[in-house]
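Student: I have a structure in front of me and should like to learn how its overall architecture is described. May we discuss it chain by chain?

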Amino acid sequence: MLKIKDLHASIDGKEILKGINLTVKPGETHAIMGPNGSGKSTLSSVLVGNPSFEVTQGSVEFMGKDLLALAPEDRSHEGVFLSFQYPVEIPGVSMVNFMRAAVNEKRKYHNLPALSASDFLKLMREKRKLVELDNKLASRAVNEGFSGGEKKRNEIFQMAMLEPKLSILDETDSGLDIDALRIVADGVNKLKTPETSNILITHYQRLLDYIKPDVVHVLYKGKIVKTAGPELALELEERGYDWIKKEMGE
Amino acid sequence: MEEANKYVKQLTQEKYKYGFTTDIHTEVIEKGLNEDVVRLISEKKEEPEWMLEFRLKAFRHWLTLEMPTWPHLRIPEIDYQAISYYADPTKKKDGPKSLDEVDPELIKTFDKLGIPLQERLALSGIAVDAVMDSVSVKTTFKESLREKGIIFCSFSEAVREHPELVRKYMGSVVGYRDNFYAALNSAVFSDGSFVYIPKGVRCPMELSTYFRINAINTGQFERTLIVAEDDSYVSYLEGCTAPQRDENQLHAAIVEIIVNDRAEVKYSTVQNWYPGDANGKGGVYNFVTKRGICKGESSKLSWTQVETGSAITWKYPSCILSGDNSTAEFYSVAVTNNYQQADTGTKMIHLGKNTSSTIISKGISAGFSQNSYRGLVKVAEKAENARNYSECDSLLLGDKCGAHTFPYIDIHNNTAVVEHEATTSKINEDQIFYCNQRGISTEDAIGLIVNGYAKDVINKLPMEFAVEAQKLLSISLEGSVG
């Protein structure tokens, strides 16, 4: 599904990613962990085409297509979704209008007719339940006045609406209490199919108790320095990152 | 990047879809302005003597005036002798035609603008007075409205058919001495609409006037006069477009509204004159004086405007709250892109007791444009318990444009409660990228965000116009973020 080869990226001339190699197959869930500043969020930003970052080297193939050649909105249409670490507020724009634009743009890209208003609202009702988002929340402006937990639930709600092939969850667990974490994780698990893949970016083992990864990577100084099974996350939780730094000869 | 620039350029140039010209024989009088021209216009309109007198007084006064320099606008010198002051597209070369027959070319033009002049094709519940250049082409539903006692006709017809009403009210709210452009208009105005709602009548349709400039090197100077008698109600809409030309064109209008006891008038404008091209060449100069008086007790006047067009806009739809317990509202969205300039706002003059006014102004600037809100809230000595709430928000797209707010508050009564709030914000890249990630293109994202920002004002428009206005906002800003 996703093949990242020797990916280098920088922001304001400073290189953050220094040769990432990563392959994600359909149905797999990968966790990417690592200390602060190792490049985790940069990787997710680059994959969805955030214009603040410049790719200087390497390639990314998604479903056989050159992902880096696609505009951000087309990457979305092709099935790449990012659950933002800090979802932005868009005052005055209702969730209904926002989602209707998103869903219908995607349908247009795939040569499907726009959904009728009633079909669309039905879809919203159905998907809302998945993350226990109440009706009032959906009729409010995008993320405006939402609590931290509500914002993250809203991200997963949007994921449900857009049915992506690859979802990147960037620190979706940060700022969530246990109940909210369970709701969000349940939502992600319910959306999982044998064809869809997830990349979880997280600091903590906590999220991985709810969403089981197949593979765990450690990102350090812009490179993936260790890859193993779920047991690696437990080990990191117990021992921290210092032993990895040591292994790196520091 | 090259590709992207080309795309942006294409969009900004294509965006104005009303830029076509109608090829029709138009009788245009010679360029220039003097007393003979004023007399000629009056003669062409077969006006009574009192009307000519009014025009001449206004003209002589205009000669003593200078163009106002206080607006935050850079207005190139206007040569008033290089403009033709009368253009009539309804006059055929081969002799006069009956008034009821409208040239099919004109019907086609208005069809193209989405304004069908055949009553059977009309948008439900909307009567239209269609004005092209200096002449009203056709007014629909005139007869059926007449059955209720409502007068809805061209201004010229009103002068002929209802001289007593025109004489009584014309110039009573905006006198010819009011300002430079009001004096000019009073001297050379050609057509416009007249609305009279009798006592106790609720107008069953939306009344609207569609102004179209077509002829080259002409100015359009129309007047609208709306009189709402006691306990009546009317909602009136105004739309405007012009062809895409390299030369600037002048449009200087006057709107006067009189609202009597417990009557209510809603006046909505969607102004979409040709704004000029991406480099600031061409476009309409829109210098308009609009004012209404809440004359009666508990009367209500509400202005809603969506201003997206014109190279330069100078316009302050205002209210005089002279009746006790009267209410006035001003809701405005003004969008400027490329090199457009707008200096717009309102005046709320509180004279009666327990009067209240609301001002909601949303300015959106993009490109190299300058967008100013200018407003006055005045509470006179005898205006006990006056209340005003003002909210002026500015939204900036990009860093080459300007947003300015000039609020004036002048209070002469201690019981007044006046509130003023102002904000300035920028559409940030994070918001746009968030939309991009959800599959919404940058152009569409800006449209969504701007419409969200202007929602409070758009919601005040009648429904058909609200949908149009939403589209217009997005189109006006296309290509504004590269």
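Student: What percentage of the contacts in chain B with a separation of 6 or more comes from residues 24 or more positions apart?

Tutor: Two residues are in contact if their C-beta atoms, placed from the backbone, lie within 7 Å. In chain B, for contacts with a separation of 6 or more, the part joining residues 24 or more positions apart is 83%.

Student: How are the model and its numbering to be read?

Tutor: This is a predicted model, in which local features need pLDDT of at least 70, side-chain atom pairs count only at pLDDT 80 or more, and totals for chains, interfaces and linings use all residues. Residues are numbered from 1 along each chain as its sequence is written, while chains are lettered from A and ligands numbered from 1 in the order in which they are written.

Student: What share of the residues in chain B is buried?

Tutor: A residue is buried if 20 or more other C-beta atoms, placed from the backbone, lie within 10 Å of its own. Chain B has 482 residues, and the buried share is 55%.

Student: How many helices and strands does chain A have?

Tutor: Helices (H or I, at least four residues) and strands (E, at least two) are DSSP runs, numbered from the N terminus. For chain A the count is 10 helices and 12 strands.

Student: What percentage of the residues of chain A is buried?

Tutor: By the criterion already given, the residues of chain A, 250 in number, are judged in the same manner. The buried portion is 40%.

How values were computed. Buried ≥ 20, exposed ≤ 12 C-beta atoms within 10 Å, placed from the backbone.
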